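Dear colleague,

Please find below the sequence and the structure that I am handing over to you. My notes on what was found follow directly after them.

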Amino acid sequence: MQHSDTPKAGRDSFASRWGFILACIGSAVGMGNIWLFPARVAAYGGGTFLIPYLLFVLLIGSTGVIGEMSFGRAAGAGPADAFAMATERRFGQKMPGRVLGMIPVLGSLALAIGYSVVMGWIFKYVWGAVSGSLMAVENLDGYINLFNGTASAWGNNIWQVAALLTALVVMAFGIGAGIEKVNKVMMPLFYFMFVGLAVYVAFLPGAADGYRYILTFDPQGLMDPMVWVYAMGQAFFSLSVAGNGTLIYGSYLSKKENVPSSAKMVAIFDTTAALLAALVIIPAMATAGQQLTSGGPGLMFIFLPNLFRGMPGGSVIMIIFFVAVLFAGITSLVNLFEAPTATVQELFRLKRPVAVAVIGVIGIVVGLAIQGIVSNWMDVCSIYICPIGAFLAAVMFFWVCGKDYCLEQVNLSRSKPLGAWFYPLAKYVFCGVALIVLVVGALTPGGIG
């Protein structure tokens, strides 16, 4: 079978391998790495939690991430057309696949809209850090009141619209000239800033207590099934397998690229980001004699600003932290909006700026309306819709497309094909993990991701 070296004629693409990898890293590195992973490490035994987490990263990175990248590249399209291609190959019918493919597309749009609300909070806190108003808050109660006002219904309209417009402008420039270039700047800066924060925290009195906890290993802790459940959920959601973001970026990838190698780099750098966040936040809490008992928005927007305020050079630390978080958030938000944007282009044959505008209007209208219920909105998206999308994409690629086609696409441009372990591990184990994440997440209060 003959393959062209580039995506479909007239379709935008990444200009370089590292541009693609950095964009995928940008999609994976987000709030889950920063406000959830350190809390999970703190709650479930420090280094004890890291062992199952790293095992699940290895499993998902070497199956699900490779599968979604390869599936997108094979189809040269977003989830709706990729699923349609799969069902046409197997059953001779596009429509069932196209209908199912809209589930991850709509899930991506819903998650992006909720994420834009959170990004509005981050934009406001970046400005507060730069202007000094965030340092001027007097105590913990002040930060609680500030965040409650920000997160209330219609409480942050201007900054939320600013965050969404920033993402839309990046997307309007396209893949190579917009998304790739922004990720090439923001992702290296994100890592540079967090490494700087980690070095700073290392020299604060009391930080050693935090490091000791991170490195703690208790074999008995591995007997707790919830350690494994939350490690699985954290790895699953952190690696951005949901049948949309990784798949759509894969659709812009050249046939010459080695997908398994790219997937490995994404898994490594995503895990590095999570570990950096833990190495900053857990020891920082220890310097104040505090333990990290919960994650989420409260950690980022209430407890950490209050902690930074009391540190030497706290105003600078606060600026660096929130700007780094802003970079991680923008790159993730752009990725979440890309699948629905590409789908609008494919379905209605619109030019990219028009498709971006259509999605932008929907995002602004719905996003402003859900400000007061964004937590529940995001829970529904992450607990139900994202795992369904990941499971469907895995079934479509590993089961419906069939073994021969799957392996052909995965091994394109590889000098040595993946071992015999890959296909059964992806077809049975990864699909099983996606199903477990869906079922167990739905049965666990607050989900597992």
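I begin with one aromatic side chain: F83 has a relative accessibility of 0% and therefore counts as buried, the limit for this being under 20%. Please bear in mind throughout that this is a predicted model.

F83 does not stand alone, for it forms an aromatic pair with F71. The two rings are stacked, at 5.9 Å centre to centre and with 15° between the planes. F71 belongs to helix α3 (residues 47–75) and F83 to helix α4 (residues 79–91), so the pair ties together parts that are twelve residues apart in sequence. F71 likewise counts as buried, with 0% relative accessibility.

A second pair deserves your attention. The ring centres of F147 and F301 lie 5.4 Å apart with their planes at 5°, so this pair is stacked. It links distant parts of the chain, since F147 sits in helix α6 (residues 140–150) and F301 in helix α13 (residues 297–309), 154 residues apart. F147 is buried at a relative accessible area of 9%, and F301 is buried at 0%. The full count comes to 32 aromatic pairs.

Aromatic rings also meet charged side chains in this model. R89 lies over the face of Y405, at 3.8 Å from the ring centre. K427 is placed over the face of W399, at 4.3 Å from the ring centre.

Turning to open space, the largest pocket has a volume of about 1,000 Å³. Its lining consists of 41 residues, and W35, L36, M378, S382 and G449 are those nearest its centre. By class, the lining of this pocket comprises 21 nonpolar, 18 polar and two charged residues. Which helices each supply at least two residues of that lining? They are α1 (17–28), α2 (31–43), α5 (95–131), α10 (225–238), α14 (314–348) and α16 (374–400).

Among these contributors to the pocket lining is α5, and its geometry may be of interest to you. Helix α5 has 37 residues and reaches 53 Å from its first C-alpha to its last, close to the 54 Å expected at 1.5 Å a residue. Just after α5, G132 adopts a positive phi of about 95°.

With kind regards

Notes. Residues numbered from 1 in each chain as written. Predicted model: local features only at pLDDT ≥ 70, side-chain atom pairs only at ≥ 80, totals over all residues. Heavy atoms only, no water. 1 Å grid on protein atoms, 1.4 Å probe; cavity = no way out; pocket = protein on both sides within 12 Å on 5 of 7 lines; lining within 4 Å. Points joined across faces, edges and corners; volume = space filled by probe spheres on them. Helix = DSSP H or I, 4+ residues; strand = E, 2+ residues; numbered from the N terminus. Nonpolar A, V, L, I, M, F, W, Y, C, P; charged D, E, K, R; others polar. Expected span 1.5 Å × (residues − 1). Phe/Tyr/Trp six-rings, centres within 6.5 Å; stacked < 30°, edge-to-face > 60°. Buried < 20%, exposed > 50% of the residue type's maximum accessible area, 1.4 Å probe, protein only. Lys NZ or Arg CZ within 6 Å of the ring centre and 35° of its normal.
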